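Student: I should like a close look at a single strand and at what surrounds it. Please give one connected account, with the criteria behind each term.

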Amino acid sequence: MAPKEVKDLEICIVGAGMGGLATALALAKQGFKNIHVYESASNLGFVGAGIQLAPNMARVLDRLGVWQDIEKEAVDLKDTSIRQGSTDAELGHVDLRYIRDTYIYPHMVGHRSSLASSMYEGCLREDTITFHMATSAGTVKSWGPRPVMEMIPRQGDKYDVTSDVLFACDGVKSTIRDQLLRLKDIDAKIVDTGQAAYRIMLRREDMQNDAELLELINQESVTRWIGEKRHIIAYPVSNKQIYNLSTVQPDRNFASAPSATYTTKGSKPQMMEIFGDFCPKVRRMLDLVPEGEVCEWKLRVHEPLPFWVYEQTVLVGDACHPTLPHLAQGAAQAIEDGAVIAVALARAPEATPEAIGKAMRVYEEVRKERAYKLVEIAAASGRAMHLGEGKEKEERDRQFAALKEGKGPVPDKWADADIQKVIYGEDVMKITEENFERLYAGM
Ligand SMILES: Cc1cc2nc3c(=O)[nH]c(=O)nc-3n(C[C@H](O)[C@H](O)[C@H](O)COP(=O)(O)OP(=O)(O)OC[C@H]3O[C@@H](n4cnc5c(N)ncnc54)[C@H](O)[C@@H]3O)c2cc1C
């Protein structure tokens, strides 16, 4: 029998979230012919939430042929305003229009479902990708040279899937990561960030009778209201028909919950109390949320992992670099992972387990330092936003004030030009293409 070609490798992807969809699509675009995606949900009934669509994400999605659909509904940001939560006074203002000229792609905001469904539609157009919905990954029975994954369909009997390479794109609660850490006796603890988030979507019709709120939804702007240990970030999505709010506050409801609990029905009176000292405009907005529709998310991260690739099994996205949302890069980084995986695997010189393992360690090499650096910046940005009275806060507010003269760093790091250069200026696909041979030779 003739040896298998690299593009004929049997590929098993667990999870059809941001990382799984990007990995599947990127591999199909590189010419891989045998891609199977297993997802525990029965359909991609996407979480109602907004998402920032940064230029580094747009660049990858454009190459994968799905950016145009996403861009149609997204809102092109002109600026961001950082305000004191209690008074609504503007602390800092950053013009973002330079981004499109500098990085070719704009910084936009959109609906998470628009991003996910466009990637999903892109995958459906590829006849080399097969989805297996309502099917959860169970026990990893072998990590390589041919990984064997137990699959548990919602209906019918369990079965085993054997592949040439297994991608764990199963998110922050990844069972594959947990099994791997247990196997290798690695203690990468869940870090309790002590923070939780409400995710809220308001409809234009609910805001339109309030002139101040109407002004907010009509602006191409990200507004962040900050206070001690809390903030709210908000922007319009879906052609300005929806105003998306995402909060961060001290976690009161998950602290004693089992680590498997990530979302819960929140209490509106508690939400109103937490932001009780924020300005009337913000409180009026929060008060528009219907009782019973407050959804709270636990913000959990994990300590960095010593490796992302074990034999022919590969961790992707939140499974290996979960992050706080303060830099708005979690999905973007999962999508970068998928793109780099595809570029690297396509360059494997042969379809042997050894070559697959080495090519995937090139992925880890290109991605790991960058992803963990951004995780740290996100955490630092959150600390700066949440400062209470004291010297550090005075210094932060002095930096915000200096922005009015166009000077200095932006404490809200996603809007800082130097940080943007690090995040948007790096073309991870190109870096992988240019350095693959050298890195592969060193593995
Ligand atoms: C409040 C908040 C705001 C955020 N805002 C932004 C933002 O503005 N910009 C940004 O870039 N990122 C943002 N993020 C982060 C972003 O949502 C995540 O980083 C991103 O979704 C990670 O992608 P992923 O593919 O690793 O995981 P996910 O997108 O979570 O996908 C994991 C998938 O795996 C499936 N799955 C899980 N277990 C199994 C199993 N055993 N078998 C089969 N399938 C399984 C799940 O159903 C899911 O579909 C935010 C996160 C939060 C909490």
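Tutor: We begin with strand β12 (residues 165–168): Val 165 and Phe 167 point one way from it, Leu 166 and Ala 168 point the other way, and all are buried. A residue is buried if 20 or more other C-beta atoms lie within 10 Å of its own, exposed if 12 or fewer, and partly exposed in between, with C-beta atoms placed from the backbone. In a regular strand the side chains alternate between the two faces of the sheet. The model is predicted; local features need pLDDT of at least 70, side-chain atom pairs count only at pLDDT 80 or more, and totals for chains, interfaces and linings use all residues. Residues are numbered from 1 along each chain as its sequence is written. Helices (H or I, at least four residues) and strands (E, at least two) are DSSP runs, numbered from the N terminus.

Strands of a sheet pair through backbone hydrogen bonds, either parallel or antiparallel. Two strands pair if DSSP finds at least two bridges between them. Strand β1 (residues 11–14) runs parallel to β12 and is joined to it by 4 bridges; Val 14 has Ala 168 as its bridge partner in β12. With β20, β12 pairs in the parallel sense over 3 bridges, and here Ala 168 stands opposite Leu 315. Ala 168 thus links the two pairings, as the bridge partner of Val 14 and as the residue opposite Leu 315.

The surroundings of β12 also include Gln 312, a residue in the loop between β19 (309–310) and β20 (313–315). Gln 312 is buried, with 23 other C-beta atoms within 10 Å. Leaving aside residues up to four places away in sequence, Gln 312 touches Val 165 and Leu 166, and also Trp 143, Gly 144, Pro 145, Pro 147, Asp 164, Pro 353, Ile 356 and Gly 357. Two residues are in contact if their C-beta atoms, placed from the backbone, lie within 7 Å. Gln 312 and Glu 39 are 273 residues apart in sequence and 20 Å apart in space, C-alpha to C-alpha.

The contacts of Gln 312 include Pro 353 and Ile 356, and residues 353–385 form helix α12, which packs with helix α11 (residues 330–346) at an angle of about 160°, the axes being 8 Å apart. That makes α11 roughly antiparallel to α12. Axes are lines fitted to C-alpha atoms, for helices over the stretch in contact, and angles run from 0 to 180 degrees between N-to-C directions. Angles under 35 degrees count as roughly parallel, over 145 as roughly antiparallel, 65 to 115 as roughly perpendicular and the rest as oblique. The crossing of α11 and α12 is right-handed; a crossing is left-handed if the near helix is turned anticlockwise from the far one by less than a right angle, and right-handed if clockwise. Among the residues that meet are Val 340, Ile 341 and Leu 345 in α11, and Val 362, Val 366 and Leu 374 in α12. By class, this contact of α11 with α12 has 11 nonpolar, 1 polar and 3 charged residues. Ala, Val, Leu, Ile, Met, Phe, Trp, Tyr, Cys and Pro count as nonpolar, Asp, Glu, Lys and Arg as charged, and the others, Gly among them, as polar.

Turning to the segment that precedes β12 in numbering, an open sheet of 3 strands has the order β9-β10-β11, with antiparallel pairing. Its edge strands are β9 (135–142) and β11 (159–162), each pairing on one side only. Neighbouring strands of this sheet are turned by 35° against each other on average, direction ignored. Strand β10 (residues 148–153) runs antiparallel to β11 and is joined to it by 4 bridges, with Val 148 opposite Thr 162.

A second helix pair completes the account. Helix α1 (residues 18–29) packs with helix α5 (residues 112–124) at an angle of about 30°, with axes 9 Å apart, and their crossing is left-handed. Leu 21, Ala 22, Ala 24 and Leu 25 in α1 meet Ala 116, Met 119, Tyr 120, Gly 122 and Cys 123 in α5. The residues of this contact divide into 8 nonpolar, 1 polar and no charged. On the strand side, α5 lies across β3 and β7, running at about 80° to β7.
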